[in-house]
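Thanks for coming, everyone. I'll take one structure today and walk through it piece by piece. Please pull it up now.

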Amino acid sequence: MEELITRIQIDGQVLDEGVLKVDSFLTHQVDPQLMAKIGETFATAFKEQGITKVVTIEASGIAPAIFAAQSLRVPMIFARKSKSLTMNEELLSASVHSFTKQVTSQVSISRKFLTSQDKVLIIDDFLANGQAAKGLVELCQQAGSQVCGIGIVIEKSFQEGRQLLEELNLSVLSLARVATLSEGDVTFLKEESQ
Ligand code: G4P
Ligand code: NA
Ligand code: NA
């Protein structure tokens, strides 16, 4: 997605250890116009799949996911990283290991929001090692829902996440595919056809 790539080139900051900071439009401050276009792009790509729910994980997945859900005219569900006070129903739950943070945490969704009738589009802001996305796939599987695809805003193609998801036979669409991150410079893989 050309506009996203341009925005990363202008506003993205490369931190050491292969981390891309995009807090001015995606992970902290959010640009709603750009998010709307991102959501529309995902919706267009997956519109023939009969998607009934969009699923993401808090916090930074929520912005792109809500716009994708709006474009598809379906609900958006975000998996929670900690149990909320009112989350007293039966839960779907999976553990997610973050290599970056070296911690394993539980993510969960109330069982009542996902059923065996659902066809799910998973959305996330970043794909790095793929553990968050894999956890979301597991939540869908526990519910008997079908995962129809995974939409990623920024894929770090030098990490193993994409390969992991493809090995699970999942179809992944990444709007920007980062090939390398070096001092102040981001290079991209050729854009995927949609
Ligand atoms: P994985 O799910 O792909 O295995 O990711 P990993 O454990 O490596 O990443 C943990 C967190 O860091 C995730 O957010 C992920 O979205 C984010 N992340 C990974 N690489 C980058 C990067 O290069 N830049 C930025 N800005 N974020 C990155 P989180 O902390 O779990 O969630 P959130 O609450 O911030 O959304
Ligand atoms: Na994040
Ligand atoms: Na995320």
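I'll go through the annotated domain, the ligand shell, the strands, one helix and a few single residues.

A caution before the details. This is a predicted model.

Start with the annotation. UniProt, in an unreviewed entry, lists residues 33–157 as "domain: Phosphoribosyltransferase". Over residues 33–157, the chain is 30% helix and 36% strand. The end C-alpha atoms of that stretch sit 26 Å apart.

Now the ligand. How many residues surround ligand 1? The count is 21. The closest are Ser-60, Ser-98, Asn-129, Gln-131 and Ala-132. Three elements give two or more residues to that shell: strand E2 (19–21), strand E7 (119–127) and helix H4 (131–143). By character, the shell divides into 9 nonpolar, 8 polar and 4 charged residues.

On to the strands. Take E8, residues 146–156. Is E8 enclosed or open? Of its 11 residues, 8 are buried, so E8 is largely enclosed by the rest of the structure. On one pairing, E7 and E8 run parallel over 8 bridges. Within that pairing, Leu-121 stands opposite Gly-149 in E8. The chain gets from E7 to E8 by way of H4. That β-α-β crossover is right-handed. H4 also came up at the ligand, where it gives two or more residues to the shell.

E8 has another pairing, with strand E9, residues 172–182. E8 and E9 are parallel too, joined by 6 bridges. There, Glu-155 has Arg-177 in E9 as its bridge partner.

Next, a helix. H3 spans residues 62–72, and 9 of its 11 residues are buried. Which ones? Ala-63, Pro-64, Ala-65, Ile-66, Phe-67, Ala-68, Ala-69, Ser-71 and Leu-72. And what covers them? The cover includes helix H2 (32–46), strand E3 (53–57), strand E4 (76–79), E7 and E8. Right after H3 comes Arg-73, with a positive phi near 60°.

H2 deserves a look of its own. Gln-33 is found in H2. Is Gln-33 buried or exposed? It has 9 C-beta neighbours inside 10 Å, so Gln-33 counts as exposed. Compare its position with Phe-67, one of the buried residues of H3. Gln-33 and Phe-67 are 34 residues apart in sequence. In space, C-alpha to C-alpha, they are 9.9 Å apart.

Last topic: the annotated binding site. The unreviewed UniProt entry puts "binding site" on Leu-20, Thr-27 and Lys-156. I'll take two of those.

First, Thr-27. It is in the loop between E2 and H2. Thr-27 has 18 C-beta neighbours inside 10 Å, so it counts as partly exposed. Leaving out residues up to four places away in sequence, Thr-27 touches Val-22, Ser-60 and Asp-125. Ser-60 is also among the closest residues to ligand 1.

Then Lys-156. This one lies in strand E8. Lys-156 has 23 C-beta neighbours inside 10 Å, so it counts as buried. Setting aside neighbours within four places in sequence, Lys-156 is in contact with Gly-18, Phe-126, Leu-127, Ala-128 and Val-178.

To recap, E8 pairs with E7 over 8 bridges and with E9 over 6. E8 also holds Lys-156, a position the UniProt record annotates as "binding site". That's my tour.

Note on methods:
Residues are numbered from 1 along each chain as its sequence is written. Chains are lettered from A and ligands numbered from 1 in the order in which they are written. This is a predicted model: local features need pLDDT of at least 70, side-chain atom pairs count only at pLDDT 80 or more; totals for chains, interfaces and linings use all residues. UniProt positions are given in the numbering used here, feature names are shortened, and annotations may be inferred rather than shown by experiment. Helices (H or I, at least four residues) and strands (E, at least two) are DSSP runs, numbered from the N terminus. A residue is near a molecule or strand if its C-beta atom, placed from the backbone, lies within 6 Å of it. Ala, Val, Leu, Ile, Met, Phe, Trp, Tyr, Cys and Pro count as nonpolar, Asp, Glu, Lys and Arg as charged, and the others, Gly among them, as polar. A residue is buried if 20 or more other C-beta atoms lie within 10 Å of its own, exposed if 12 or fewer, and partly exposed in between; C-beta atoms are placed from the backbone. Two strands pair if DSSP finds at least two bridges between them. A crossover is right-handed if, with the strands pointing away from the viewer, the path from the first strand over the helix to the second runs clockwise. Two residues are in contact if their C-beta atoms, placed from the backbone, lie within 7 Å.
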